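I wanted a record of how the strands and helices of this model are put together. These are my notes from going through it.

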Amino acid sequence: MDETCPVARSVAVLDGKWTMLVLRDLLRGTKRFSQLRESLTGISPKTLTDRLRALEEQGMVQRLIYPEIPPRVEYTLTERGRGVEPVINALAAWSGGTPLAEL
């Protein structure tokens with residue numbers, strides 16, 4: 001990968017079959033793992049875990065663990081993660097769909 005190319009760096013962060021859809025769902029607000037699995041029909045728990053971890057490592061997602069029994073974990077987009085909204089809206093418009101802001 002060309003580290004000097006901003007498009008290549010962006011694709012490296014957003015790469016993966018479910019990554020953009022995870023981000024799309026988190027743009028609608030904080031979600032628990034089970035809520036994400038429910039909204040992403042067909043995603044396996046392992047794949048969702050892998051995508052969330054990768055996004056957390058990239059600084060796109062914040063994972064918050066509540067000290068309860070059983071533990072409650074929530075995922076929220078960081079400021080950097082929220083920056084992907086215009087990209088997702090552009091993709092929706094390009095495909096003839098409705099931008100997130102209008103849903």
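Entry 1, the sheet. I looked up the strand order in this predicted model and found an open sheet of three strands, β1-β3-β2, with antiparallel pairing. β1 and β2 stand at the edges with a single partner strand each, so one side of each has no neighbour in the sheet. I then checked what lies against the sheet: α2 packs on it and touches β1, β2 and β3. The direction of α2 makes about 95 degrees with that of β3.

Entry 2, the strand pairs. I went through the bridges pair by pair. β1, residues 31-32, pairs with β3 in the antiparallel sense over two bridges. β2 and β3 are also antiparallel, and I noted six bridges for them. Which residue in β3 is the bridge partner of Lys31? I found Tyr75. Tyr75 of β3 is also the bridge partner of Arg63. For Val61, the partner in β3 is Leu77.

Entry 3, the turn between β2 and β3. I followed the chain out of β2 (61-66) and into β3 (72-77). A hairpin of five residues makes the connection from β2 to β3. Pro70 lies in this loop. I checked the peptide bond between Ile69 and Pro70: it is cis, with omega about -5 degrees. I note for comparison that most peptide bonds are trans.

Entry 4, the rings. I looked for aromatic pairs and counted zero by the rule used. A charge over a ring did turn up: the charged end of Arg72 sits over the ring of Tyr66, 3.7 Å from the ring centre.

Entry 5, α2 against α6. I looked at α2 (residues 19-27) and α6 (residues 85-94), which pack at an angle of about 110 degrees with their axes 10 Å apart. Angles of 65 to 115 degrees count as roughly perpendicular, so I entered α2 as roughly perpendicular to α6. Is the crossing of α2 and α6 left-handed or right-handed? I have it down as left-handed. On the α2 side the contacts come from Met20, Leu23, Arg24 and Leu27. They meet Glu85, Val87, Ile88 and Leu91 in α6.

Entry 6, α2 against α4. I did the same for α4, residues 45-57, which packs with α2 at an angle of about 75 degrees, the axes being 10 Å apart. That makes α2 roughly perpendicular to α4. Which residues of α2 meet α4? I listed Thr19, Val22, Leu23 and Leu26, set against Leu48, Arg51, Leu52 and Leu55 in α4. Leu23 of α2 therefore appears in my contact lists for both α6 and α4.

Conventions: Residues are numbered from 1 along each chain as its sequence is written. This is a predicted model: local features need pLDDT of at least 70, side-chain atom pairs count only at pLDDT 80 or more; totals for chains, interfaces and linings use all residues. Side-chain values use heavy atoms; hydrogens and water are left out. Helices (H or I, at least four residues) and strands (E, at least two) are DSSP runs, numbered from the N terminus. Rings of Phe, Tyr and Trp (its six-membered ring) pair if their centres lie within 6.5 Å; planes under 30 degrees apart count as stacked, over 60 as edge-to-face and the rest as tilted. A charge sits over a ring if NZ of Lys or CZ of Arg is within 6 Å of the ring centre and within 35 degrees of the ring normal. Two strands pair if DSSP finds at least two bridges between them. Axes are lines fitted to C-alpha atoms, for helices over the stretch in contact, and angles run from 0 to 180 degrees between N-to-C directions. Angles under 35 degrees count as roughly parallel, over 145 as roughly antiparallel, 65 to 115 as roughly perpendicular and the rest as oblique. A crossing is left-handed if the near helix is turned anticlockwise from the far one by less than a right angle, and right-handed if clockwise. Contact means heavy atoms within 4.5 Å.
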